[in-house]
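Thanks for coming, everyone. I have one structure to walk through today. Please look at the screen.

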Amino acid sequence: MQTINMTPKPSMLKYFLLSILFSFSFLLFFFSLKPITHQPPSNDLRIRPGYTSYDSYIQRQLNKTLNPKLRKIWITRDWDRKVRVFSSFFQDFKQKNLLFNHSKALSIGARVGQEVEALRRIGVADSVGIDLVPYPPLVIEGDFHHQPFDDDSFDFEFSNVFDHALYPDKFVAEIERTLKPGGICVLHVALSRRSDKYSANDLYSVKPLVGMFKKSEVIHVRKVDGFGLDTEVVFRKKVKHKEKSTVTQFY
């Protein structure tokens, strides 16, 4: 009886192993191209797809920030109108004792600094903005996912670019890190309409915001007309109270 040799020939085994290796490499390459997903714990906040890396996300944001036509509009036609409206917003916070002349204030995603100018015009002199592209002397360079400031630096933080955060939880965590205990954070967001094509997330209710601000409490939520943004959410960072120690005296 003839014995059939079932052992694969070396050449066949070689091709078989190479095919497995190629398939594995293809799968790694495929998954590396999947969009970044860092989904917050709520269906009311959805990250937009399409970003293959953080660098690609930053580049898309820079495409807007460095757009010469937009920058010209921001510093000419839009300047007085936006400074006037922001001044009105901030003056209201002063009347409610949420903002003071001695407050140290930060505008997050300030672009050319209309918000910073508004803060300074109503007497909050120690104010600064951050954006990917600096605009001295009002705005310094900074990524709102990694603020370039120490812990507990500010009494008041304002932003109307929450929708541009690819990682909303990091955006909020950085606010709470750099905000002083008792400090105020004001966010203008869009709930009833979707934001522009440069937005990285879509927000459908304030619930995700409340959930992410783990060290803060909500002061108020109200409707506003904020240049396409319709809702204002205000938080106050909680103050940790030291527990009184009980001392037992022996006589």
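**Helix 4 against helix 5**

Let's start with a helix pair. Helix 4 covers residues 79–95, helix 5 covers residues 114–121, and the two pack at an angle of about 55° with axes 8 Å apart. Before going on: this is a predicted model.

Back to the angle. About 55° is neither under 35 degrees nor in the 65 to 115 range. Helix 4 and helix 5 are therefore oblique to each other. Their crossing is right-handed.

Which residues of helix 4 and helix 5 make the contact? On the helix 4 side, we have Trp-79, Lys-82, Val-83, Phe-86, Ser-87 and Phe-90. On the helix 5 side, we have Gln-114, Glu-115, Glu-117, Ala-118, Leu-119 and Arg-121. By type, the contact of helix 4 with helix 5 has six nonpolar residues, two polar and four charged.

**Staying with helix 5**

Is helix 5 enclosed or open? Six of its eight residues are buried, so helix 5 is largely enclosed by the rest of the structure. The buried ones are Gln-114, Glu-115, Val-116, Glu-117, Ala-118 and Leu-119.

What covers them? The cover includes two helices, helix 3 at 68–75 and helix 4. It also includes strand 2 at 105–108, strand 3 at 127–131 and strand 5 at 154–159.

Now the two sides of helix 5 along the chain. Just after helix 5, Gly-123 takes a positive phi of about 105°. In the loop between strand 2 and helix 5 we find Arg-111. Arg-111 is not a glycine, yet its phi is positive, near 55°. Is Arg-111 buried or exposed? Its relative accessibility is 17%, so Arg-111 counts as buried; the cut-off for buried is under 20%.

**More backbone to check**

Some context for the backbone values. Most residues other than glycine have a negative phi, and most peptide bonds are trans.

Asn-97 is another case to look at. It sits in the loop between helix 4 and strand 2. Its phi is positive, about 60°, and it is not a glycine. Buried or exposed? Asn-97 has 52% relative accessibility, so it counts as exposed. The cut-off there is over 50%.

Next, a peptide bond. From Pro-136 to Pro-137 it is cis, with omega near 0°. Pro-137 belongs to the loop between strand 3 and strand 4, which is 139–141.

**The chain as a whole**

Let me zoom out. How many helices and strands does the chain have? Seven helices and nine strands. The chain has 251 residues, and buried ones make up 46% of them. The exposed area is about 14900 Å², with carbon and sulfur atoms supplying 58% of it.

Now contacts. Take those in the chain with a separation of 6 or more. Residues 24 or more positions apart account for 65% of them.

**Some distant pairs**

Here are four pairs that are far apart in sequence. All distances are C-alpha to C-alpha.

Pair one is Thr-231 and His-188. They are 43 residues apart in sequence and 5.7 Å apart in space. Thr-231 lies in strand 9, residues 229–237. At 2% relative accessibility, Thr-231 counts as buried. What does Thr-231 touch, leaving out residues up to four places away in sequence? Leu-187, His-188, Val-189 and Leu-191, then Val-206, then Val-221, Arg-222, Lys-223 and Val-224.

Pair two is Tyr-167 and Asn-201. Their sequence separation is 34 residues, and in space they are 8.7 Å apart. Tyr-167 is in the loop between strand 5 and helix 6, which is 168–178. Tyr-167 is buried, at a relative accessible area of 13%.

Pair three is Asn-63 and Tyr-198. They are 135 residues apart along the chain, and their C-alpha atoms are separated by 8.8 Å. Asn-63 is in helix 2, residues 54–65. Its relative accessibility is 40%, so Asn-63 counts as partly exposed.

Pair four is Lys-72 and Val-112. Here we have 40 residues in sequence and 10.0 Å in space. Lys-72 lies in helix 3. Its relative accessible area is 57%, so Lys-72 is exposed. Helix 3 also came up earlier, as part of what covers the buried residues of helix 5.

That's it from me. Over to you.

Methods
Residues numbered from 1 in each chain as written. Predicted model: local features only at pLDDT ≥ 70, side-chain atom pairs only at ≥ 80, totals over all residues. Heavy atoms only, no water. Axes fitted to C-alpha atoms, helices over the stretch in contact; angles between N-to-C directions. Helix = DSSP H or I, 4+ residues; strand = E, 2+ residues; numbered from the N terminus. Parallel < 35°, antiparallel > 145°, perpendicular 65-115°, else oblique. Left-handed = near helix turned anticlockwise from the far one by under 90°. Contact = heavy atoms within 4.5 Å. Nonpolar A, V, L, I, M, F, W, Y, C, P; charged D, E, K, R; others polar. Buried < 20%, exposed > 50% of the residue type's maximum accessible area, 1.4 Å probe, protein only. Areas by Shrake-Rupley, 256 points an atom, 1.4 Å probe, with all protein chains shown as cover.
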